[in-house]
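Visitor: I should like a close look at a single part of this protein, namely one of its open pockets and what surrounds it. Please then carry the description inward to the enclosed spaces and the packing of the interior.

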Amino acid sequence: MTDKENQTSPLLDHLKRRISIAGPISVADYMTEALAHPQWGYYRKQDPFGQAGDFVTAPEISQMFGELIGLWVAVTWQQMGSPSRLQLVELGPGRGTLMADALRAVRNVPGFCDALTVRFVETSPVLRTHQQTSIMPYGVPAVWHDSFEDIPENQNAPMVVIANEFFDALPVRQFQFGKDGWRERLVAISAESGELCFTNGPLAPMTDALVPVKLRPTAKVGDVFEASPMAISIANQIAHRINRDGGAALMIDYGHPHSAFGDTLQALRHHKYHPVLAMPGDADLTTHVDFGALARTFSQADARTGAVLGQGTFLKMLGIEQRAELLKQSATVDQAKAIDAALNRLVDADQMGTLFKVLIAYGRESAPPPCVSGAEG
């Protein structure tokens with residue numbers, strides 16, 4: 001760690017004061033402060049996307065990603081009977097690149113854009129400005145919300161929700177199994193160095209929402225399980241809306257298809273891995289999404305889900321290879337090479353194709369959207 005990275009910061013000072021006064025905090029509380037503190041949180045103060053930021057998301061890699069999702073939404077709308085109103089919600093929309101590419105791809109679908117109201121769930125003032133600029137050319141009405149629950153009810157319109165690399169940044173609680181049972185992993189201050197460190201709290205009573213009862217008998221000493229109460233709450237809210245009003249949700253993220261043990265908390269800064277507890281507020285924090293927990297939540301709320309797919313499988317089902325060939329027909333040699341490189345990055349098994357997973361949920365009275373197979377729930 002460099003001398004610069006050892007320097008203190010307002011958020012680090014704030015966290016140390018909080019811990020000194022009230023005791024160790026949960027990993028979820030640490031993530032919330034580091035990412036969403038109203039003044040010093042990572043997502044509140046900067047644009048983290050792209051080569052100049054800390055990571056690159058699929059919409060930034062290629063226009064094909066957003067275009068195909070836009071067509072997926074349009075076909076889903078048509079399968080609903082092309083209703084005169086549709087709420088298109090994007091959770092954590094970044095710079096608005098995905099939505100802009102989606103709207104460009106569907107602008108000629110008869111009646112679709114006339115039915116549309118776009119709703120962005122975004123807390124960052126910096127990113128809201130980017131989003132507004134990105135979709136301005138398409139002339140669709142757009143509304144911004146701080147959280148999903150802020151979206152007004154009773155809109156008399158079905159809802160389609162897009163969540164691309166959204167759930168991975170939601171706070172998780174971590175529980176570690178020891179010889180005497182489960183203890184919550186906490187963030188404390190080291191008595192030796194005075195810096196932030198991990199410690200385990202007292203024995204914690206387990207519920208199925210924290211560590212699934214079917215998984216517990218397989219736990220070995222040292223195993224860590226991550227649970228995201230916020231992710232479960234948002235999934236439950238989405239299920240309520242699409243059950244009542246009709247619609248679907250498309251969730252794309254890196255993670256595992258079934259609940260499993262593992263400490264997946266990581267930090268990224270300038271496209272490199274970074275110590276998780278160093279420079280809070282200046283590095284992105286993420287975890288692998290538990291798609292098994294999300295699927296169970298939708299099922300318990302009486303919504304339906306398809307089988308968890310790899311991103312590569314999903315994009316190929318939507319025709320990304322054909323779209324790439326079409327783009328290459330009017331491309332220069334260098335542009336064609338860039339298109340092939342982007343395609344490979346999105347779909348290849350050793351890149352994003354299998355690491356990133358796709359879960360599609362839909363209302364109990366709705367027809368299965370495109371790419372739903374092996375329906376569960």
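**A pocket and the interior beyond**

Guide: In this predicted model, the second largest pocket has a lining of 26 residues, and those nearest its centre are Ser228, Ile232, Asp290, Ala293 and Arg296. The space in this pocket amounts to about 380 Å³. Four elements supply at least two lining residues each: the strands β9 (224-227) and β14 (289-290), and the helices α10 (229-245) and α11 (291-300). Of these, α11 gives the largest share, with five residues. By class, the lining of the second largest pocket comprises 14 nonpolar, eight polar and four charged residues.

Asp290, one of the residues nearest the pocket centre, is also touched by His256. The other contacts of His256, leaving aside residues up to four places away in sequence, are His288, Val289, Phe291 and Gly292. His256 itself belongs to strand β10 (residues 247-256). With a relative accessible area of 19%, His256 counts as buried because the limit for that class is under 20%.

Turning to the enclosed spaces, the model holds two cavities of 30 Å³ or more. The largest cavity contains about 40 Å³ of space. Its lining is formed by Ile69, Gly70, Val73, Leu88, Ala102, Leu103, Val106, Phe112 and Ile162. The elements giving two or more residues to this lining are α6 (63-79) and α7 (97-106). Eight of the lining residues of the largest cavity are nonpolar and one is polar, while none is charged.

The second largest cavity has a volume of about 30 Å³. Around this cavity stand Gly306, Ala307, Leu309, Val358, Ile360, Cys371, Val372 and Ser373. Its lining divides into six nonpolar and two polar residues, with no charged ones.

Both cavity linings share residues with the account of the packing. In soluble globular proteins, nonpolar side chains tend to be buried together. Here the largest nonpolar core has 49 residues, and those with the most contacts inside it are Val73, Phe112, Phe314 and Leu346. Helix α6 supplies the largest share of this core, eight residues. Val73 and Phe112 also line the largest cavity. Phe314, for its part, touches Leu309, Val358, Ile360 and Cys371, which are among the residues lining the second largest cavity. Further contacts of Phe314 are Trp72, Leu250 and Ile252, again not counting residues up to four places away in sequence. Apart from the largest core lies another, of 28 residues, including Val89, Met159, Ile242 and Ala249.

Note on methods
Residues are numbered from 1 along each chain as its sequence is written. This is a predicted model: local features need pLDDT of at least 70, side-chain atom pairs count only at pLDDT 80 or more; totals for chains, interfaces and linings use all residues. Side-chain values use heavy atoms; hydrogens and water are left out. On a 1 Å grid over the protein atoms alone, a cavity is a set of points where a 1.4 Å probe fits but cannot get out, and a pocket is an open set with protein on both sides within 12 Å along at least five of seven lines; lining residues have an atom within 4 Å of a point. Grid points are joined across faces, edges and corners, and a volume is the space filled by probe spheres set on the points. Ala, Val, Leu, Ile, Met, Phe, Trp, Tyr, Cys and Pro count as nonpolar, Asp, Glu, Lys and Arg as charged, and the others, Gly among them, as polar. A nonpolar core is a set of buried Ala, Val, Leu, Ile, Met, Phe, Trp, Tyr and Cys residues joined through side-chain atoms within 4.5 Å. Buried means under 20% relative accessible area, exposed over 50%, partly exposed in between (1.4 Å probe, protein chains only). Contact means heavy atoms within 4.5 Å.
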